[in-house]
Amino acid sequence: MFSKILIANRGEIALRVIRACRELGIRTVAVYSEVDRNSLHVRFADEAICIGQAKSANSYLNIPAIISAAEITDVDAIHPGYGFLAENFHFAEICESCQITFIGPSSQNIKLMGDKMAARVNMQKAGLPIVPGSTGAIKNKEDALKTAKRIGYPVIIKAAAGGGGKGMRICHNDISLISNLMIAQQEAESNFGNPDVYIEKYIEKPRHIEIQILADKYNHLVHLGERDCSIQRRHQKLLEESPSPVVDNKLRRRLGEIAVKGAKSVGYINAGTVEFLLDEASNFYFMEMNTRIQVEHPVTEMVTGIDLIKAQIRISAGERLNLHQDQVSLKGAAIECRINAEDYENNFMPSPGRIEVLNIPGGPGVRVDTHIYTGYEVSPYYDSLVAKVIAYAATRQEAIKIMRRALFEFTISPIKTTIPFHMKLLENPLFIKADVSTHLVQEMLKEEVLGAEY
Ligand code: ADP
């Protein structure tokens, strides 16, 4: 087992990893930017090193500074968390060449799955159903038009190197396809450093269902069931749950087997998530694989009783996954609300600032993963997630009630957060009935705007 791990991240996920390490008896090294000097991850780690200025490019994305910190503190491994360098194959490669274990899959795995077009081709070869679309990068206008004609409108243009819900454009006809193509290529180049885009059939009113997998170094893989992440705004998840109210045992088994098959076909190691779209007729299509721990991992932990961060660390240290598929079962229901420092009443505008009053909820069935405290300054430099509230109960309806109660108790002021949005969502009849698609939030917000106008 490792004796010391550096966490190349900040916020709640850095804390989450530090907590797992402490329980495993592993020493920790935090890295931080100048504005994060007073963060909890700095306080709770055994050692801490400043790696640069606030701007991510100068700190949390600063590979030489992070590798130097790892070498000075003589760590065995680096946990990248999510975001920042978690899916940067170049970083994983550098760790490998410096004999520092990167806690995650191999750099080749990251590279392969990071190119969503290549991932589609590989998963199709492995026998997974993929969303109908182009097999490679769109070469020109004619190529785009031909692809759209073959699969039929609407279509979605996606960046090969895209992520975080960015770089996607929906097109309903030839004119919008042509006008969006160049913009999408330019955006892909400027946001992701790679202009390649591809086209997929746009699935109307789908659900986003993802399967968590774990794979050890000895070719043993298991899946931990699904998470339903259909509650999204602008393709970004806001609330996730496990199990999905629309996945029965039979579908779970099929999705799980297929996810494992896909991961196995590329020799995948460590924790990963295979994402699918489920259409209204319950057909499912592979969308992409995330080669890291996900923000929403706690809902899986609650229903399976498996600590995913510890599993990641153990797998990377070369331990066998002592878990067989028939030992995995989903018990109860877990829901996670992402609390962002955003003003929901003002089009989700970022709302950074100092937290003067804070009350973190607790009580039965409530888990809160957060790095904030009274006096904490939410920085405008990083993503706006300030807390994840997870409610866990025997049934989905009970979990909803616990979540409402927890959010009622949760006070964060004077900054604005997405708590009022979640309170509304949790009262939405369609959400309560679990009759949702990835469009629910958009429809909900549209209704509010119309309601205000009349
Ligand atoms: P990212 O890596 O940026 O998160 P994904 O490929 O995971 O991008 O897609 C994010 C979300 O975008 C999905 O959960 C879904 O809501 C929407 N989406 C992506 N592809 C399609 C598609 N072909 N049809 C309908 N919705 C899609």
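The ligand sits between domain 2 (132-201) and domain 3 (207-453), because both domains give residues to the shell around it; the domain bounds come from an automatic or database domain assignment. The structure is a predicted model, in which local features need pLDDT of at least 70, side-chain atom pairs count only at pLDDT 80 or more, and totals for chains, interfaces and linings use all residues. Residues are numbered from 1 along each chain as its sequence is written, and side-chain values use heavy atoms, with hydrogens and water left out.

A good place to begin is the ligand itself. It is surrounded by 21 residues, and the closest are Gly165, Glu200, His208, Gln232 and Glu288; a residue counts as near the ligand if one of its heavy atoms lies within 4 Å of it. By class, this shell holds seven nonpolar, seven polar and seven charged residues. In that grouping, Ala, Val, Leu, Ile, Met, Phe, Trp, Tyr, Cys and Pro are taken as nonpolar, Asp, Glu, Lys and Arg as charged, and the others, Gly among them, as polar.

Several side chains make polar contacts with the ligand, a polar contact being a pair of N or O atoms within 3.5 Å; within protein, one atom must be able to donate a hydrogen and the other to accept it, and residues adjacent in sequence count only if both atoms are side-chain atoms. The side chain of Glu200 places an N or O atom 2.8 Å from a nitrogen atom of the ligand. For His235, an N or O atom of the side chain is 3.1 Å from a ligand oxygen atom. Glu288 also faces an oxygen atom of the ligand, with a polar side-chain atom 2.5 Å away. Taken alone, the ligand exposes 550 Å², and the protein buries 94% of that area; accessible areas come from the Shrake-Rupley method with a 1.4 Å probe, and for residues only the protein chains shown count as cover. Two or more residues of the shell come from each of β6 (155-159), β8 (197-201), β12 (270-278) and β13 (284-290). Helices (H or I, at least four residues) and strands (E, at least two) are DSSP runs, numbered from the N terminus.

Attention now turns to the protein interior. The largest nonpolar core has 43 residues, of which Ile231, Ile339, Ile412 and Phe431 touch the most other members. Such a core is a set of buried Ala, Val, Leu, Ile, Met, Phe, Trp, Tyr and Cys residues joined through side-chain atoms within 4.5 Å. Elements that give two or more residues to this core include the strands β11 (236-242), β14 (333-340), β19 (366-370) and β21 (385-393), together with the helices α12 (396-409), α13 (419-425) and α15 (440-453). Of these, α12 gives the most, with six residues. Arg404 is found in helix α12 and is partly exposed, at 23% relative accessibility. Here buried means under 20% relative accessible area, exposed over 50%, and partly exposed in between (1.4 Å probe, protein chains only).

The backbone has some points worth a look. Most residues other than glycine have a negative phi, and most peptide bonds are trans. Tyr153 and Pro154 are joined by a cis peptide bond, with omega about -5 degrees, and Pro154 lies in the loop between α7 (141-151) and β6. The bond from Ser413 to Pro414 is also cis, with omega near 10 degrees; Pro414 is in the loop between β22 (411-413) and α13. Leu358, in strand β18 (residues 357-359), is 56 residues from Pro414 in sequence and 9.3 Å from it in space, C-alpha to C-alpha. Leu358 is buried, with a relative accessible area of 19%.

Positive phi angles occur at two residues that are not glycine. Gln99 has a phi of about 60 degrees and occupies the loop between α4 (89-97) and β5 (101-102). With a relative accessible area of 71%, Gln99 is exposed. Ala434 has a phi of about 65 degrees and belongs to the loop between α14 (429-433) and α15, but this residue is buried, at 11% relative accessibility.

Finally, Asp307 lies in the loop between α10 (297-304) and α11 (308-316). Asp307 and Ala20 are 287 residues apart in sequence, and their C-alpha atoms are 8.4 Å apart.
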